[in-house]
Number of protein chains: 2
Amino acid sequence: MSDTQALEKRRAPVKDTKTSKEGDERHEAIYRSISDAIVEQRLKPGARLREDALAEVFGISRTGIRKILQRLALEQLVTLTPRRGASVTRPTADEAKDVFDARQLIECGLMPDVARRMGEKEAAELREMARQERQALRSGQQSVAIRLSADFHVRLAQLSGNATLAEFVERLCSRSSLILAVYGHRGHLGCESHDHDDLIGYLETGNGERAKAFMSRHLKAIEASLSMVEEEENVPDLQQIFGG
Amino acid sequence: MSDTQALEKRRAPVKDTKTSKEGDERHEAIYRSISDAIVEQRLKPGARLREDALAEVFGISRTGIRKILQRLALEQLVTLTPRRGASVTRPTADEAKDVFDARQLIECGLMPDVARRMGEKEAAELREMARQERQALRSGQQSVAIRLSADFHVRLAQLSGNATLAEFVERLCSRSSLILAVYGHRGHLGCESHDHDDLIGYLETGNGERAKAFMSRHLKAIEASLSMVEEEENVPDLQQIFGG
DNA sequence: AATAGGATTACTGTATACAACAAACAGCAG
DNA sequence: CTGCTGTTTGTTGTATACAGTAATCCTATT
């Protein structure tokens, strides 16, 4: 296999001209590739992410991969253990609670601002996003639907006009997708499909308080739909059983 | 000068045994060194942070410095421009508004939880922090006082029990220090010294709503104390003057 | 004398090589 | 047959070398 590797290495230099011209954008694309794969659960929690393997797949060296991995680690999508490398984060029940409490506080608090800044153009954009989400769900693409749902919440936060809080919501939504992947029931992905449309309705009429209350219930419903049993790891039980 | 550099390089290997044993902790220490220097305004907004220089100062190679710089960039304490390197972030007025709005939402929203979890031990710890802050202020160490004030707000958020939101507050406080450094008046650092003690009082008696209202006024007062004039940079005027 | 153009310099971006550590496996002893 | 230890392999951590780019300075020309 190392022979194949050696041969494939020759393909990298071909991209050099392109890489040097738009290196940052390539990094961004790779980052998003991995991020999407995690959020869409194609990379399952606990999956190991070896630097060599990623470097080979994306045709850049380990240096760049490490940079991306660190960014993902800071966003808590991957866990970086000192000499063991990177793996997709497996959120604990406590973390899940923290994330949803945080979403309650921030996303609900943002609704009045969003309602105030809501125009026809924004409403149309959100409706289109909700439509795509429904469509994905109907055609059985649950992974895609999860990501589109997260995108919807993020876009909503961005419409508040506060970039800092929008960024926080983005991170919370990414982690939520991970939480859904671990604790969610198959066939019931957090957001009910009509919920988002209802929400747009309240926002469109400028009814911030109503939207806030609705968002609160919406998030509570998602959280309630989770089954908070910590999946047993490979060899964890002994300590638990004997009261370690 | 490059000769001196070449000679000094020999000092690095001496540390290797130590570095390899506790490399992570050393990185953490360096990170905090730089972070503190920024928050305490010993590194002023706009200051360039050359990788070579930092690498030499801390006795590690550029690789490690880059890692730290990237982390600081993600926290928005330093700005990383593509081929120009790193510099201390100079917050804009818009960013300042976003940050303080975010603090209003999050820190105020956290107060009821904090009040609920407040015990004697926690109150004592906070009073000690407030005392140190007053002392630093009295002895003219404004830089230190700014950092201690930020530490106070962060510790408060941690007492809410929500690690995720506490982390957000930490980042917001760091950026606030930067904002104070740029837009604050000399001699009037954001937090009034007695404010924090009053706040502890409300929290100690479990009066979450009162604490919430007080925190809101507290933050508003800090924001109001800023003079929101964007400092002229070195050579920026031409475009502004001629309506670029 | 001032400006434009070119050359040099200084800095970052990237890859690769080397070293250290942890885990897995095999071999040996009980 | 089971448990322990030594070796080997695989993977990360760190440094350094090389390349490319932007900024600065110097020179020449108008």
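**Entry 1: bases and phosphates of DNA strand C**

I looked up A:T63 and found an N or O atom of its side chain 2.8 Å from a base nitrogen of DNA strand C. I take a polar contact as a pair of N or O atoms within 3.5 Å; within protein, one must be able to donate a hydrogen and the other to accept it, and residues adjacent in sequence count only if both atoms are side-chain atoms. This is a predicted model, in which local features need pLDDT of at least 70 and side-chain atom pairs count only at pLDDT 80 or more, while totals for chains, interfaces and linings use all residues. Residues are numbered from 1 along each chain as its sequence is written, chains are lettered from A and ligands numbered from 1 in the order in which they are written, and side-chain values use heavy atoms, with hydrogens and water left out.

On chain B, I noted a phosphate oxygen of DNA strand C at 3.0 Å from a side-chain N or O atom of B:R66. At B:P82 the partner is a polar backbone atom, 2.3 Å from a phosphate oxygen of the strand.

I then listed the surroundings of DNA strand C: 15 residues, the closest being A:S61, A:T63, B:R62, B:R66 and B:P82 (near means that a heavy atom of the residue lies within 4 Å). Sugar and phosphate make up 70% of the strand C atoms that come within 4 Å of the protein. Helix α5 (62–74) of chain A and α5 (62–74) of chain B each supply at least two residues of this surface (helices are DSSP runs of H or I, at least four residues, numbered from the N terminus).

**Entry 2: DNA strand D**

I repeated the search for DNA strand D and found 15 residues around it, with A:R66, A:P82, B:S61, B:T63 and B:R84 the closest. A polar side-chain atom of B:T63 is 2.7 Å from a base nitrogen of strand D. For the phosphates, I noted a side-chain N or O atom of A:R66 at 2.9 Å from a phosphate oxygen, and likewise one of B:R84 at 2.9 Å. Sugar or phosphate holds 68% of the strand D atoms within 4 Å of the protein, and bases hold the rest. On this surface α5 of chain A, with α3 (23–39) and α5 of chain B, each supply at least two residues.

**Entry 3: relation of the chains**

I superposed chain B on chain A by least squares on the C-alpha atoms of residues with pLDDT of at least 70 in both. A rotation of 180° with 0.0 Å of shift along its axis does this, at RMSD 0.0 Å. The two copies are therefore related as by a two-fold rotation axis. The same surface serves both copies, as 100% of the contact residues of chain B recur in chain A (contact means heavy atoms within 4.5 Å).
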